[in-house]
Amino acid sequence: MRFARLRAAWNASWQQGGFLHQRWEDVQARHASWHEIANWIKAVCLFGGLSLIVMMVDAAGDIASATLKSLSAAQAPSAGGGSGLWDTVDHPIRVFLADQAAHLTVAPAALYAFWQLTGLAGLVGGFLGNAGARIAWLLFGTGSLAMIWSAAPTGGRAAATGLAALMWALASIFALRGLTLRPIVHNHPPQFQPQFNPALHLHATIPAPTPAGDDLAPDNIHPLQR
């Protein structure tokens, strides 16, 4: 009897006007706007979205903490000289970061890894057309040139900075792809076009008709009052 009652209640809920039938009708309203859908759907969406945001923030915090710990535990970059074009540009940056990290509470490896990640994010995001990534790419390039100029040997400072500027310019071909300095002019026809229809309006005043019997008497003759 208990299962029979449950089965009867289940079937009654799915009938026209039942509780489950109405909820299914609310779910099937796909073309309704946010203000027109049922309140319980809004509550479920908001609760699910907030839960997802909390989980993402928690996971991002754990990932960032683990990344910082691994970067801090990494060995400092080698300050020894190298050969080649890339070493000519990369070695002054390593030296500059190692000298600055001695006065900070962060490892030189973390500074160098952050510098690399910033350049990579700016390059990839700028290639995809993100404005913030392009700004980061410009700041990355100018900061790198300043570090190279500051830490490069005095005799080859100009050559190292110029070589870095050329490399940065070549990489900017991809990072600043599609960027133009020409102003963009949009010619849209006005939505409202007033129409001028000239017309001449004449206003004439028609005198009132004179009462019968008053047209024969002059205006200066009035009847005698007794």
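**Close-up views of a seven-helix model**

Of the 226 residues in this protein, 18% count as buried. What you're looking at is a predicted model, so keep that in mind as you go through the views.

**View 1. The whole chain is built from helices and no strands.** Start here to get your bearings. The secondary structure adds up to seven helices and zero strands. If you trace the sequence from one end to the other, the pattern reads α-α-α-α-α-α-α. Four of these elements come back in the next view: helix 4 (85-101), helix 5 (108-127), helix 6 (131-151) and helix 7 (157-175).

**View 2. Four helices each give at least two residues to the lining of the largest pocket.** The space inside this pocket comes to about 320 Å³. Its lining is made up of 18 residues, and the ones nearest the centre are Trp86, Trp115, Trp137, Phe140 and Trp168. Which helix supplies the largest share of the lining? That's helix 6, with six residues. As for chemistry, the lining splits into 14 nonpolar residues, four polar ones and no charged ones.

**View 3. Tyr112, Trp115, Trp137 and Phe140 form a cluster linked by ring pairs.** The model has three aromatic pairs in its count. Some of these names should ring a bell from the pocket: Trp115, Trp137 and Phe140 are among the residues nearest its centre.

**View 4. Aspartate 90 and tyrosine 112 meet through their side chains.** Is aspartate 90 buried or exposed? Its relative accessibility is 4%, under the 20% cut-off, so aspartate 90 counts as buried. You'll find aspartate 90 in helix 4. The polar contact joining its side chain to that of tyrosine 112 spans 2.7 Å. Tyr112 also belongs to the aromatic cluster of the previous view.

**View 5. Arginine 157 sits over the face of tryptophan 149.** The distance from arginine 157 to the ring centre is 5.5 Å. This arginine is part of helix 7. With a relative accessibility of 24%, which falls between the 20% and 50% cut-offs, arginine 157 counts as partly exposed. Look for proline 92 too: 65 residues separate it from arginine 157 along the chain, yet their C-alpha atoms are 9.6 Å apart.

**View 6. A second arginine, arginine 177, lies over the face of phenylalanine 127.** Here the ring centre is 4.5 Å away from arginine 177.

**View 7. Glycine 141 is a buried residue of helix 6.** Its relative accessibility is just 3%. Because that value is under 20%, glycine 141 counts as buried. How far apart in space are glycine 141 and glycine 122? From C-alpha to C-alpha it's 9.8 Å, with the two glycines 19 residues apart in sequence.

Terms used
Residues numbered from 1 in each chain as written. Predicted model: local features only at pLDDT ≥ 70, side-chain atom pairs only at ≥ 80, totals over all residues. Heavy atoms only, no water. Phe/Tyr/Trp six-rings, centres within 6.5 Å; stacked < 30°, edge-to-face > 60°. Lys NZ or Arg CZ within 6 Å of the ring centre and 35° of its normal. 1 Å grid on protein atoms, 1.4 Å probe; cavity = no way out; pocket = protein on both sides within 12 Å on 5 of 7 lines; lining within 4 Å. Points joined across faces, edges and corners; volume = space filled by probe spheres on them. Nonpolar A, V, L, I, M, F, W, Y, C, P; charged D, E, K, R; others polar. Buried < 20%, exposed > 50% of the residue type's maximum accessible area, 1.4 Å probe, protein only. Polar contact = N/O pair within 3.5 Å; in protein donor to acceptor, adjacent residues only side chain to side chain.
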